[in-house]
Amino acid sequence: MFGFLAPGSGTSVLHSRRAAASRCGRRRLVARANVDVTKFPSEGSKDAVDVNKQPQEYVQLKEMLKGVSIFMIGMMGSGKSAVGKVLAQQIGYAYIDTDEVIQESMKMPITDIFEEHGEAGFRQVESVVIQQVSPYVRTVVSAGGGAVLNQENWGHMQNGLVVWLDPSVETIYERVKGDASRPLLKVDDPKAMIESILRERESLYEQADVKIGIEPEEGIEVVAFNTARGLTRFIEANPPKSAAHRPVGL
Ligand SMILES: Nc1ncnc2c1ncn2[C@@H]1O[C@H](COP(=O)(O)OP(=O)(O)OP(=O)(O)O)[C@@H](O)[C@H]1O
Ligand SMILES: O=C(O)C1=C[C@@H](O)[C@@H](O)[C@H](O)C1
């Protein structure tokens, strides 16, 4: 059904009423979620590894990053949390998982959030979390698999470097098939669902600064190492513009 156009707005009255109601619901939901990422780790990892035994890639990456944060994106089960934690530990960064912050803030598991507030409600809280973590430095942020769907999230993630972990559909399925914590995969054919979600999001994941392809036999440590190498190469190819190189007057 179409509504009337509100004068000069280009949006229908019906649509704008709905939008106002949804903004109101959004404010209530976000207030209820009481998101406060400052409760989560923001300092470098306490279990920092022995630098003498550390692979050179991590030492080099840490130096080159100069504190810039890293956002891990990718499908459910791609390894964002597992790999993100290892990477954070190796380079002495803090680690934050947006799914964990959301669950803690809403005091319920993700499946319940989806049931009670729908995927849209979950996405709203997710965006608030991403916005709150975006100014952090020296942090590896594991973003939810669907965080890439929201354009504003991309704006916030541009404060750091974005890494896409990209295993095959088969590998993802093998990792998540026994796990009931992912509401989008509670369907008759989860593998077909993974395929369909990936198809829908692939062009968004492609926007990452660094893409890490993952072979089935590559364990978490190997992928973390490859991620460090990928980031190092990216920074070498795209060195940050230093103040000295900026045109005078800007
Ligand atoms: N390279 C790997 N080799 C073997 N197992 C892995 C690898 N990467 C991740 N896993 C395992 O796969 C499962 C899913 O990984 P993880 O939770 O890190 O994915 P995720 O991308 O954070 O998923 P979600 O977005 O759904 O939270 C975990 O049991 C993890 O230990
Ligand atoms: O890919 C997704 O849309 C999701 C991934 C998980 O990280 C959770 O954020 C949630 O289950 C939704």
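**Two ligands and a parallel sheet**

Me: Which residues are around ligand 2 in this predicted model?

Reply: Around ligand 2 are Met-76, Asp-99, Ile-110, Phe-122, Arg-123, Gly-144, Gly-145, Gly-146, Pro-183, Leu-184 and Arg-201. A residue is near a molecule if one of its heavy atoms lies within 4 Å of it. As background, this is a predicted model in which local features need pLDDT of at least 70 and side-chain atom pairs count only at pLDDT 80 or more, while totals for chains, interfaces and linings use all residues. Residues are numbered from 1 along each chain as its sequence is written, chains are lettered from A and ligands numbered from 1 in the order in which they are written, and side-chain values use heavy atoms, with hydrogens and water left out.

Me: What makes Arg-123 a polar contact of ligand 2?

Reply: A polar contact is a pair of N or O atoms within 3.5 Å. An N or O atom in the side chain of Arg-123 is 2.7 Å from an oxygen atom of ligand 2, so the pair meets that definition. Arg-201 also has a side-chain N or O atom 2.7 Å from an oxygen atom of the ligand. The protein covers 95% of the 300 Å² of accessible area that ligand 2 has on its own (Shrake-Rupley method, 1.4 Å probe).

Me: And ligand 1: how do you know that Ser-81 makes a polar contact with it?

Reply: A polar side-chain atom of Ser-81 lies 2.5 Å from an oxygen atom of ligand 1, so the pair falls within the cut-off. Here the protein covers 73% of the 640 Å² of accessible area that ligand 1 has on its own.

Me: What makes up the shell around ligand 1?

Reply: There are 15 residues, with Lys-80, Ser-81, Ala-82, Arg-182 and Glu-218 the closest. They divide into 5 nonpolar, 5 polar and 5 charged (Asp, Glu, Lys and Arg count as charged, and Gly is among the polar). Helix α3 gives the most, with 3 residues; helices are DSSP runs of H or I, at least four residues, and strands are runs of E, at least two.

Me: Why are β2 and β5 called edge strands?

Reply: The open sheet has 5 strands in the order β2-β3-β1-β4-β5, and the pairing is parallel. Two strands pair if DSSP finds at least two bridges between them. β2 (94–97) and β5 (210–214) each have a single partner strand, so one side of each is left without a neighbour in the sheet.

Me: How do you know that β4 and β5 pair?

Reply: β4 (residues 161–167) and β5 share 5 bridges in the parallel sense, so they satisfy the definition of pairing. Within this pair, Trp-164 has Lys-211 of β5 as its bridge partner.

Note on methods:
Polar contact = N/O pair within 3.5 Å; in protein donor to acceptor, adjacent residues only side chain to side chain.
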